[in-house]
Amino acid sequence: MRAAALRVLGVALLATLACAREARTDGLVAIKAGRVITMSGAPIDGAVVLIQDGKIKQIRPGSAVPEGATVIDAGDSVVMPGLVDANARFGTRGDPNEESDELTPTFHVAGALDRDSAALKRAVQLGVTTLRIAPGTADVIAGTGVIVKSAGAGLSSTIVRDGGDLQIGIQDEPAYGNDIPWYSRPDSFYFRQPTTRMGVVWLLREALFNTKTAIQAGRPLDARLAGIAAAMQGKTPIYVMLRTAVDIETTFTVADEFGLRKLVLVECTEGYKLAGDIARRGVPVILGPCYQYPRTWPEADQGWDVNWNNAGLLVKAGVKIAIASNDPDTPANLLTWAGLAVRAGLPADEALKAVTTSPAEIIGVADRVGSLGPGKDADLLVLSGDPLRPTTMVQKVIVNGRIAFDAPSGASAHG
Amino acid sequence: MVPVVAALLAALQVPGAPESSGGPGILAIEGARILTMTGSPVDSGTVLIADGKVKAVGASVEVPADAKRIDARGKTLIPGLIDALSRLYLYPEELTESTALAPEFRIVDGIDPYAKHTDEVLRYGVTAVHVAPGNRSLIGGTTAVLKVEPQAGTVELVTDCAAVRGQIGVPAGDTNSSLARLTTYAAIRDALLSTRDDLFTRGKYDRDVARYDKKRAEALTKAGGDVVKAQLPERPRKPGTDRTNAVLARVLKGEIPLQIEAYRVADILNALRLKDEFGIPLVLLGCSEGYRIPDEIARRHVPVIVAPVSLSFSGPAPLRYGEHSRANAAVLAKAGVNVALGVGGADGLHSKFVRACAAVAAANGLDRDLALRAVTVNAAEILGASNRIGTIADGKDADLVLLDGDPLSTLSTVEMVVLDGAVAYQKGADR
Amino acid sequence: MKAPAIRALACLTVALLGTATVAHTQNLLVKGGRVWTGKGEAMEKADVLIADGKIAAVGADVSAPEGTRVLDAAGKWVLPGFIDARSHLGLAPGELDETVTPLATDTEVLDALWADRDEVRRAARSGVTSLLLSPGDANPIAGPCAVVKLGRHTVLKRDATLNLVLSASALMYDRRPTSMPGLLDMVRQALADARDKPAGSGPLVKVVGGEMPVTIACDGISDVERATQLATEFHARASVATVEALDKLADILPGTGVSAICPPLGATPAERFLQAPGRLAAKGVKLAFSSLAPTTDECDLRTSAALAAAAGLPADAALRALTCDAAEILGVGDRVGSLEKGKDADLVIIAGDPLDIAAPIDCVIIDGDITYQREGT
C-alpha cells in the first residue's frame with residue numbers, strides 16, 4: 001500500500017515537474033488573455049487560447065484552464081494573430097540580385113535565406129511571424145520568393161513554401177546599372193538591354209512571347225521557360241513590382257495581351273489613381289514601404305505622386321490590400337504603419353486586416369496563418385493594449401507554438 | 001589629464017572586500033605543490049593570504065584558527081599567468097593616434113572597462129595582461145599592465161606606464177616596404193636625439209639659473225641691497241616644454257624602457273642600434289626572427305617579449321612577421337636572453353591561450369621551467385610589475401592559479417583562480 | 001588551356017614531385033612504444049615493423065629481420081600520421097582559385113603546388129603526414145583536389161575530392177554568379193546535369209551517388225542546412241567546412257550522414273567554438289581537423305585537437321579525428337589513417353600524450369622514411 005502511494009506520489013511529482021517546464025510543442029499550453037482578436041470573427045473579451053503541437057486547439061471564452069496545461073497568464077493583454085509580411089526583403093545574406101542576367105525565373109531567393117540574420121530576429125520582436133521574402137528588384141524576371149516563419153528550429157520548420165510564384169518588374173529599376181561604365185570592358189555583361197523603361201517592358205514581352213510560342217508549338221520547355229509558363233497559365237501568382245500609374249497601366253496592357261491572371265501589384269505608390277481599374281480586375285495590392293516619403297531623391301525627382309491615404313482610397317474602391325515592409329534589409333514595424341494608415345484615412349478594422357488576413361490570403365497561406373482558429377498555426381502576439389495604438393508594446397511572440405520573443409524576461413533588442 | 005584618469009579609474013575599482021568565498025578574512029591554500037617562481041618549488045606547502053596579498057608561503061606555515069582553509073592536496077599552484085601582449089580591454093579598432101610620434105598618449109586612456117569575456121580569460125588562469133597602443137604610429141604611447149577582472153566595469157591597474165611603445169619596420173599595410181623601415185628608424189632616432197638635446201638644454205638652463213642666482217645675490221650684496229643701483233645679471237631664458245620629449249626624457253634617463261615592436265632581422269638590429277647609441281633600456285616586442293641573431297640580443301642584455309608564439313593562436317602571418325618559427329623562444333633563451341611570451345591574438349579573448357602558448361614553446365625546445373617563467377615572473381620583470389605580480393611570495397599580490405596537473409600540459413585544467421586574495425573562479429561552482 | 005593539355009601538365013608536375021614508388025633504404029622497427037593504432041584499444045608496449053614503406057606488422061614483441069634499424073620508442077606514444085582535411089600548403093596566395101569559370105571542375109590545384117617552399121619542407125614536423133590540397137573558396141565548384149603526402153611530396157590520391165562552396169565568397173561582381181540565388185541555381189543545375197546526363201560532366205558524376213567525397217564550404221547555418229539538403233538530394237558523400245556556424249553544427253548535422261571539418265580552433269577562442277567538436281562527436285557526427293595552412297604554423301592540427309579535448313571532446317575521438325576518420329572523409333582510408341598491416345607506413349612518435357601540446361613530437365615517418373627527427377632524440 002505504501003509503495004503504491006509512493007509510486008502515485010512520484011508520478012504526480014513528475015507530472016508537476018513536467019508542467020513547470022516552459023511551453024513546449026508537445027504539451028498543452030493555455031494562454032489567458034484579456035482580449036483575443038481572432039480576425040475570423042468578433043474579438044472575444046476574456047478568453048483562453050489553447051495550443052498543442054504547434055497548432056491552435058481551441059479558443060474558449062472565460063478563464064477556465066484545462067488540467068495539465070502550462071499556463072501563460074497574460075492578464076489584461078490583447079492576443080492577436082502574428083503579423084504576415086507579404087513582401088519582405090530581409091533575412092537574406094549576400095546580394096539577392098543577379099547582375100549578370102535580367103531573366104532569372106529559376107532563381108529561388110530561398111538560396112540566399114539566412115535564418116540566423118539579425119533582421120529576422122528584429123522582425124520577431126516587431127511581431128512578424130510569417131513573411132514572404134521576395135527576390136531582388138534588379139531583374140526583369142527575378143525568380144521566386146520563399147514564405148518562411150520568422151523563427152524556427154531549422155530550415156524545415158522555418159520554410160512554409162519555397163517558390164510557387166514569380167516576380168517581375170514593370171518599372172525602370174531593372175534598367176539601372178545597365179549602361180556600360182567608361183572604365184568597364186566592352187564585353188562586360190553589365191552592358192546589355194534594358195537601359196530604359198521601354199526596354200524593360202520589351203524584354204518582358206519577349207520572354208512571355210517566347211514562352212507562349214513554345215507552348216503553342218508543343219515544344220518541350222526548358223527549366224527557364226517552364227517557370228514562366230506556369231505563371232502565364234495562371235497556376236502561380238505573378239508579383240509585379242511597380243510604382244507609377246503608367247506602370248500599372250502597362251501591366252494591365254501586357255496582362256491583357258498574354259492573358260495573365262493572378263496578378264499581385266507590389267509597392268504601387270500611385271495605385272490610388274487607378275483604384276477603380278484595379279478593383280474591377282480583382283487584383284490585390286501589397287503596399288510598402290509607407291509613410292516615410294519623401295525619402296530619397298528618385299521619389300522626388302521622378303515625380304511619384306504620393307498620397308498618404310493610398311491604402312484608404314484603394315480599400316474604398318474595393319481592392320484587397322496588404323501593408324508590407326518591402327525595404328531592402330529592413331523589417332518594418334507593421335503595426336505602427338497600420339496605425340499611421342488609420343490616421344491617413346483607412347478604417348481601423350481594414351488596417352488590422354492589412355497586416356494579418358489579407359497578406360495571408362494574397363500569398364496563399366491563409367489556411368495556416370493570419371487568423372486564429374482551431375487547426376491554424378499557433379502564431380500569435382501578446383500585446384499590452386490596442387494593436388493600433390503607438391504606445392502598445394509587443395510582450396510575447398509565439399511562433400509554431402513556441403515563445404520566440406518574450407519582452408519581460410529581458411531578451412535583448414539585438415537577439 | 002592624469003589626475004582625472006586616475007580618479008576615474010579609482011571610481012571604477014571594486015571596493016576592497018571580495019564578494020566570493022574567503023570574505024575579508026584570511027585564506028589558506030594547503031597541501032599543493034607550489035611553484036613560487038622565486039626558487040625551488042615547494043613539494044607540498046601552504047600559502048597564506050590576507051588583505052589581497054600573500055602573507056606567507058612555504059612547506060610549514062602556521063595557519064590562524066579563523067582562516068578559511070582550502071584543501072589543495074595533489075594539485076599544483078602557480079602564480080597568475082600574464083599575457084605579455086594582449087588586446088583585452090581594448091576596443092577592436094586599431095588604437096593608434098594619427099600623429100607619427102605620440103609618446104605622451106597613454107593606452108590607459110583608451111581602454112574599455114566594460115570589455116566582454118574577461119571572466120572567460122580569467123578562467124584559463126590569466127590574471128594580468130599587458131596592453132599597448134597600436135603600431136600605426138612610430139611611437140604610439142605608453143603601455144599598461146592590467147589585472148583581468150571577472151566583472152565588467154572594473155579595472156585594476158598594475159602599472160599605467162610599463163614602457164613607451166614604438167615600432168620599426170611595421171608597415172601600415174601587409175607590405176614588405178623597406179622605405180617604411182628607413183623612415184621609422186630615422187624618426188625614432190630623431191626623437192631621441194632631440195630629447196637628448198632638450199635634456200642637455202635643460203641641464204644647462206638649470207646650471208645657468210643656479211649661477212645667475214649666485215651672481216644676483218652677490219650683486220645685491222655689493223649694492224647694499226639696493227635693487228636699482230645693483231648691476232643685476234640677466235636671467236637666463238627658460239626653454240619651452242615639449243610633451244613628446246618629456247616622456248622620452250624618462251626613457252633616456254633609464255626610468256622606463258622603450259619597447260620596440262620589430263620582427264625581421266634588419267628591424268631588430270636597428271632597434272639594438274638605438275640602444276647602443278643612447279644607452280636606453282630596451283625591450284624587443286615580437287622579435288619573430290630573433291632566433292637568427294640571438295647573440296646580438298643576448299650580449300646587450302635586451303629582454304624579449306616573443307609574440308606571437310604560435311600562429312595557431314593569433315591568425316595568419318602577415319608578411320611583416322618574416323620567417324616565423326615556434327622555436328624562437330627556445331633559441332633566444334638558450335643564448336641567455338630573458339624571454340616572456342605573448343599570445344599576440346587579434347582580440348582579447350585569445351589571451352586565454354597563454355598556457356597553451358607556453359606549452360608550444362616548451363614542445364619546441366624551450367626549457368619547461370623557463371616556459372612557465374616566461375608567462376609569470378619573467379613577464380612581470382620585463383613589464384616593470386614584478387613588485388606586485390609574477391611570483392608567489394610574501395608581500396606580493398595574491399594572484400594564484402590552482403591546476404589539477406602539470407601547468408604546462410594541455411591535459412591539466414584550471415580548478416581555481418585567486419585574484420587579489422579573493423577566489424575569483426572555482427571550477428564547478430557556478431554551473 | 002584545353003583539358004588534355006592540363007592533364008599533361010599535371011602528369012609532368014607529378015613526375016617532378018616524385019612517384020608513389022620510391023626506393024626505401026632500410027626496414028624500421030619502432031620498438032616498445034604505447035601504440036594507438038586507430039583500430040581497437042591502445043597497446044601499452046608494442047612494436048611496429050616497417051618494410052618497403054608499408055606496415056609489415058603491429059603487435060607486442062614483433063620479430064624483425066637482420067639489419068633492421070631499431071627506433072626505441074619506450075615511454076613514447078606511437079600513432080598513425082595525422083591527416084589534414086583542408087590545407088593550402090605550398091600554394092601561393094594568388095594561386096588558389098581559377099575564377100574565370102565558376103565551375104572549375106578540371107583545374108587541379110595540385111598543378112600550383114610549389115613543393116620546394118620552406119613551409120612545405122618543415123610541415124611534417126607538425127605530425128601531419130598527408131593533407132588535402134584544397135583550392136580557395138572563390139569558385140562554386142572547383143577541383144578535383146589531391147591528397148598529398150608530405151616528405152617526398154608524392155601524390156597519395158590524385159582525384160580525391162571536390163570542393164563546393166555555398167557561401168558569399170563564391171560571388172563575384174563581374175562573373176556569374178553574382179547572387180546567392182544564382183549560386184544555388186548554378187550548383188543545383190550542375191549536380192542535376194551530372195546525375196541525368198553523365199557524359200561530359202567530369203568529376204561531378206562521381207560526386208552524385210557518393211563515389212567521390214565532396215567538401216562543402218559554408219558561412220552561416222542556412223548555408224549548412226542547404227548543404228545537407230543537397231547532399232541528401234544527390235546522395236553525395238559530403239563534409240561541411242565552416243567557421244561561423246561551427247557552434248551550431250551539432251544542431252544540424254546529426255542524422256544527415258554529413259561529416260564536419262573543424263577549422264583551426266586556436267583562431268576561434270570563444271568557448272562555444274571550442275566545445276563544438278565534443279558536441280558533434282557525442283551525437284555521432286564524423287570529424288576531421290584542418291589547418292588551412294599556411295595560416296597556422298606548419299600544419300598545426302594538434303593544437304585544435306588539444307583545445308577540443310580540453311573542452312570536452314573525448315581523447316579517443318580526438319585521435320580518430322586526426323587520423324582514421326579524416327582518412328575516411330577524404331576517401332583514402334584504404335591507404336592511411338591507421339596502423340595496420342599493409343597500410344602506408346606513416347607514423348608519429350610523440351614524447352608524451354598526443355593531446356598534450358607541451359609534449360614534443362620526436363619523430364615523423366612517412367612511407368617508411370624518417371622525415372623528421374627531433375634534435376637530441
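Colleague: What makes S87(C) and H88(C) contacts of A293(C)?

Modeller: This is a predicted model, and the test is a distance. Two residues are in contact if their C-beta atoms lie within 7 Å. A293(C) touches S87(C), H88(C), L89(C), A123(C), E298(C) and C299(C). That list leaves out residues up to four places away in sequence.

Colleague: Where does A293(C) sit in chain C?

Modeller: A293(C) lies in a loop of chain C, between strand 14 (287-289) and helix 9 (302-310). D356(C) is 63 residues from A293(C) along the chain, and their C-alpha atoms are separated by 21 Å.

Colleague: Why is A293(C) called buried?

Modeller: Count the C-beta atoms. A residue is buried if 20 or more others lie within 10 Å of its own. A293(C) has 27 within 10 Å, so A293(C) is buried.

Colleague: How do you know that helix 9 of chain C is mostly covered?

Modeller: The same burial test is put to its residues. Nine of the nine residues of helix 9 of chain C are buried. Among them are R302(C), T303(C), L307(C) and A310(C).

Colleague: What comes just after helix 9 of chain C?

Modeller: G312(C) does, with a positive phi of about 125 degrees.

Colleague: Now the chain contact. How many residues does each of chain C and chain A bring?

Modeller: Chain C brings 20 residues and chain A brings 26. On the side of chain C, helix 3 (180-196) and helix 5 (221-233) each supply at least two residues. Helix 3 of chain C gives the most, with six.

Colleague: Which classes make up the side of chain C that touches chain A?

Modeller: Ten residues there are nonpolar, five are polar and five are charged.

Colleague: Turn to chain A. Why are helix 4 and helix 6 of chain A called roughly parallel?

Modeller: Look at the angle. The axes of helix 4 (residues 197-216) and helix 6 (residues 245-258) of chain A cross at roughly 15 degrees. Angles under 35 degrees count as roughly parallel. Helix 4 and helix 6 of chain A are therefore roughly parallel to each other. Their axes come within 11 Å, and the crossing is right-handed.

Colleague: Which residues make the contact of helix 4 of chain A with helix 6 of chain A?

Modeller: Helix 4 of chain A uses V201(A), L204(A), R205(A), L208(A) and K212(A). Helix 6 of chain A uses T250(A), V254(A) and F258(A). By class, the residues of this contact are five nonpolar, one polar and two charged.

Note on methods:
Residues are numbered from 1 along each chain as its sequence is written. Chains are lettered from A and ligands numbered from 1 in the order in which they are written. This is a predicted model: local features need pLDDT of at least 70, side-chain atom pairs count only at pLDDT 80 or more; totals for chains, interfaces and linings use all residues. Helices (H or I, at least four residues) and strands (E, at least two) are DSSP runs, numbered from the N terminus. A residue is buried if 20 or more other C-beta atoms lie within 10 Å of its own, exposed if 12 or fewer, and partly exposed in between; C-beta atoms are placed from the backbone. Ala, Val, Leu, Ile, Met, Phe, Trp, Tyr, Cys and Pro count as nonpolar, Asp, Glu, Lys and Arg as charged, and the others, Gly among them, as polar. Axes are lines fitted to C-alpha atoms, for helices over the stretch in contact, and angles run from 0 to 180 degrees between N-to-C directions. Angles under 35 degrees count as roughly parallel, over 145 as roughly antiparallel, 65 to 115 as roughly perpendicular and the rest as oblique. A crossing is left-handed if the near helix is turned anticlockwise from the far one by less than a right angle, and right-handed if clockwise.
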